[in-house]
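This report describes selected features of a protein model, with attention to positions that carry database annotations. The sequence and structure are shown first.

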Amino acid sequence: MIGLKSVVARAPGKINVSLEVGPPREDGYHSVATIYLAVSLFEDVRASERMDSEFTISLHPDSAPFADPETFPLGKDNLVVRAADELRRYTGVTMGADLEVTKRVPIAGGMGGGSADAAAALVACNALWDCGLNREELAVVGAKLGADIPFALFGGAAVGLGIGDQVSPMLLRRSTYWVLVPASYGLSTPEVYRTLDKLRADQDVEAPHEVDIDTVQALVTADVNALGLNLRNDMEQAAIHLAPEIDTVIGTGERLGAVRGIVSGSGPTIAFLAESKTHAEQLRTLINEELDVDALVVSGPANGAAVVNHHAVFRGN
Ligand code: ATP
């Protein structure tokens, strides 16, 4: 028998309380000014030691039913493998790892699930290989792969500038409660951006440089009514253009008592702001009955990527 080290790290999905999007830049990216809120829907990544330099990727059986090999790539293009490989390049480590994801965040749902997986993989492999990188250094490695990865590492709430990768943490005094309505389909983030650009073709749009201070204030103090008035997502119009049913779902949730409904990131997941935890639970029941969906209650802020479990797995040799 040999004892192989194994580390599990957990990272949160996110919603964007505010997402302002500028015109496409020369490098193809869009400048954004956003307020991220990490919510209590988590991805787990287990990284287990290997004696060679290979990576394997698999889905844990406790993953949500939507996660299957059709939607979740089980190869080198998975962000988990790419993040582990990027960390290996950065640190000069030569070992591989067996990587297993417990998927709970909707895939292509606008909640940064892939970014959360990458952040969890960075934290798990950093511990597995004893690299000793701190969170800021892991964020530098993560930013090479995706603009939302630094935020998934830090968690909490934050202002994101640049392409969303320049993260400034915000300290919130209280939590807010949300009902998430995942869709049975995904939307491709690049396609939503392209659609937004087309819809705005005759408009003069400026690159945003800062977030709205009233929204920050409402989130910090958990002033739900003010927050409801200030929720903003520039991508919503494009997401609705691609999937018009989003508009019906938002209208239904608001009619059933949500303070406000908004598309999360590039969609199609919809986040409904509730007045309290109890209100969120009541609202979820009403939405599930009316729309025949599996809505979830989450709260934010949630913690960023961290190790949750560290032990040796014994295998026959
Ligand atoms: P974002 O809001 O960050 O733009 P998203 O949450 O809408 O992204 P993800 O689920 O992160 O979307 O991933 C989108 C696509 O990336 C998927 O369709 C899938 O093909 C690919 N992908 C690669 N690695 C992963 C991963 N670990 N989890 C989910 N999708 C992944």
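The sections below treat the annotated residues, the strands and some further positions in a predicted model.

## The annotated active site

An unreviewed UniProt entry lists Lys14 and Asp148 under the feature "active site". The two positions are spread over 135 residues of sequence, yet they cluster in space, with a largest C-alpha distance of 9.2 Å. Both Lys14 and Asp148 belong to the lining of the largest pocket.

Lys14 is placed in strand β1, which covers residues 2-24. With a relative accessible area of 7%, Lys14 falls under the 20% limit and is therefore buried. Its side chain makes a polar contact of 2.8 Å with the side chain of Asn16. Beyond its neighbours within four places in sequence, Lys14 is in contact with Tyr36, Leu37, Ala38 and Val39, with Gly110, Met111 and Gly112, and with Asp148, Phe151, Ser264 and Gly265.

Asp148 is located in the loop between α3 (135-143) and α4 (149-154). Its relative accessible area is 22%, so Asp148 counts as partly exposed, a class that lies between 20% and 50%. When neighbours within four places in sequence are set aside, Asp148 is in contact with Lys14, Tyr36 and Ser115.

## The annotated binding site

The unreviewed UniProt entry also gives a "binding site" feature, at Pro106, Ile107, Ala108, Gly109, Gly110, Met111, Gly112, Gly113, Gly114, Ser115 and Ala116. From this set, the lining of the largest pocket takes in Pro106, Ile107, Ala108, Gly109, Gly110, Met111, Gly112, Gly113, Gly114 and Ser115. The lining of this pocket also includes Lys14 and Asp148 of the active-site annotation.

Two members of the set illustrate its surroundings. Ile107 lies in the loop between β4 and α2 (113-128), and Met111 is likewise placed in the loop between β4 and α2. Ile107 is partly exposed, at a relative accessible area of 22%, whereas Met111 is buried, at 0%. Not counting residues up to four places away in sequence, Ile107 touches Phe66, Ala67, Thr71, Phe72 and Gly186. On the same basis, Met111 touches residues that include Gly13, Lys14 and Ile15, Val39 and Leu41, and Leu180, Ser264 and Thr269.

## Strand pairing around β2, β3 and β4

Strand β2 (residues 30-49) is mostly covered, since 16 of its 20 residues are buried. β2 is joined to strand β5 (residues 157-161) by four bridges, and the two run antiparallel. In this pairing, the bridge partner of Tyr36 in β5 is Ala158. Tyr36 is also in contact with both annotated active-site residues, as the contacts of Lys14 and of Asp148 show.

β2 also pairs with β4, in the antiparallel sense and over six bridges. Here Ala47 stands opposite Leu99 in β4. Strand β3 (residues 55-59) is joined to β4 (residues 97-102) by five bridges, and these strands run parallel. Leu99 appears in this pairing too, where Ile57 stands opposite Leu99. The chain passes from β3 through helix α1 (residues 79-91) to β4, and this β-α-β crossover is left-handed.

## A serine after strand β3

Ser63 is located in the loop between β3 and α1. At a relative accessible area of 12%, Ser63 is buried. A polar atom of its side chain lies 2.7 Å from the backbone oxygen of His60, and the side chain of Ser63 also reaches the backbone oxygen of Val101 at 3.4 Å. Leaving aside neighbours within four places in sequence, the contacts of Ser63 are Val101, Thr102 and Lys103.

## Helix α6 and strand β10

Which residues of helix α6 (residues 213-220) are buried? They are Thr215, Val216, Ala218, Leu219 and Val220. Just after α6, Ala222 adopts a positive phi of about 50°.

Phe272 is placed in strand β10 (residues 270-273). This phenylalanine is buried, with a relative accessible area of 0%. Phe272 and Glu254 are separated by 18 residues in sequence, and their C-alpha atoms are 7.9 Å apart in space.

Definitions and conventions
Residues numbered from 1 in each chain as written. Predicted model: local features only at pLDDT ≥ 70, side-chain atom pairs only at ≥ 80, totals over all residues. Heavy atoms only, no water. UniProt positions renumbered as here; feature names shortened; annotations may be inferred. 1 Å grid on protein atoms, 1.4 Å probe; cavity = no way out; pocket = protein on both sides within 12 Å on 5 of 7 lines; lining within 4 Å. Buried < 20%, exposed > 50% of the residue type's maximum accessible area, 1.4 Å probe, protein only. Contact = heavy atoms within 4.5 Å. Polar contact = N/O pair within 3.5 Å; in protein donor to acceptor, adjacent residues only side chain to side chain. Pairing = 2+ DSSP bridges. Right-handed = clockwise from strand over helix to strand, strands pointing away.
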